[in-house]
Amino acid sequence: MRRILSHLGRELAALIFPDKCLKCGTYITNAEAGHLSTSFCTFCTGPALPVYQPPFCTCCGVPFDTGDTHLCESCLKAPPDIGTARAAFTYQGLIREAVGLFKYNSRLSLAKPFEACLYEAFTDYFSDVPIDLILPIPLHPAKARKRGFNQSFLLVRNFRAIYRKRYGQPPPWQVDIQSLVRIKETPTQTGLDIAERERNLKNAFAWGEGRDIEGKSLLLIDDVFTTGATCRAAAKTLLDAGAARVDALVLARA
Ligand SMILES: [Zn+2]
Ligand SMILES: [Zn+2]
């Protein structure tokens, strides 16, 4: 009964206060909760969102146009510090625009649908990995103050609650937003090549004293993975601090 009422409540609210498409501004009808259809109209969404799916590199997760899932050339030459990197979407089309709206225009209504999509990817790719800690990539305090929120944290804020609701028990992993810190303010990485990005991010992260991660399995969360320099720099810090394994899950993978 409560479910029916809450469903009716949602339907009613949608009738009285229909959501507006964040791209074209038209009112949205037929939105499904937890999906991007609450944020964009069907015209703007198009026939399909760029869902991240195989084939991709077994390690860094770079998507391939054709063929089978295999190790990419760069991971074959030099295995990166990250165990596996996976995503919910590829970084293109509407997803690229939506991430920009979320991050730079503070369209925080996107946090929940994005989080729901990321949670599905988490279930798809990491349900067999014994994760101990989930770590959103931190912002430098100066940037966090300026932006007012950490987009990576908003992507996993309700992960524990979602798990508990689904399985009726608390998850075996924690979400930690304090121990990994950003100690170097890095200029925006847009337009820089991979070597420049890596130089910028050298020693950008530190592991606080609070929590022992010796032998632990960690999962980094970020909004976008382009060259992967950010996740790799954070992974290096974590492995140096004793972690056994570091994987990465992002909302959108270039
Ligand atoms: Zn639209
Ligand atoms: Zn690779």
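Is Cys24 buried, partly exposed or exposed? I looked this up before anything else: at 40% relative accessibility, Cys24 counts as partly exposed (buried is under 20% relative accessible area, exposed over 50%, partly exposed in between, with a 1.4 Å probe and protein chains only).

**Ground rules**

I am working from a predicted model, where local features need pLDDT of at least 70, side-chain atom pairs count only at pLDDT 80 or more, and totals for chains, interfaces and linings use all residues. Residues are numbered from 1 along each chain as its sequence is written, chains are lettered from A and ligands numbered from 1 in the order written, and side-chain values use heavy atoms, leaving out hydrogens and water.

**Zinc site**

I went to the zinc ion (ligand 1) next and found its protein donors to be Cys21 (SG), Cys24 (SG), Cys41 (SG) and Cys44 (SG), 2.3 to 2.4 Å from it (donors are N, O and S atoms within 2.8 Å of the metal, or 3.2 Å for Na, K and Ca; water is not among the atoms, so sites may look incomplete). The four donor atoms subtend angles of 104 to 119°, so the arrangement is tetrahedral (four donors with all angles between 85 and 135 degrees). I noted the donor spacing in sequence as C-x2-C-x16-C-x2-C. Cys24 sits in the loop between helix 1 (2-16) and helix 2 (42-45), and Cys44 in helix 2, 20 residues apart, so this pair links distant parts of the chain (helices, H or I, of at least four residues and strands, E, of at least two are DSSP runs, numbered from the N terminus). Cys44 is buried, at 14% relative accessible area.

**Salt bridges**

I searched the whole structure and got eight salt bridges (a side-chain nitrogen of Lys or Arg within 4 Å of a carboxyl oxygen of Asp or Glu). Here are some I checked.

- Asp176 and Arg211 meet at 2.7 Å, N to O. Asp176 lies in the loop between strand 3 (174-175) and strand 4 (180-182), and Arg211 in the loop between strand 5 (205-207) and strand 6, so the pair ties together parts 35 residues apart in sequence. Asp176 is buried at 5%, while Arg211 is partly exposed at 34%.
- Asp240 pairs with Lys236, the closest N and O atoms being 3.0 Å apart. Both lie in helix 10, four residues apart, about one turn of the helix. I have Asp240 as exposed, at 58%, and Lys236 as partly exposed, at 44%.
- Arg245 and Asp247 meet at 2.7 Å, N to O. Arg245 is partly exposed at 34%, and Asp247 is buried at 0%.

Terms used: Four donors count as tetrahedral if all angles lie between 85 and 135 degrees; four count as square planar and six as octahedral if opposite donors are over 155 degrees apart and all others between 65 and 115; anything else is irregular.
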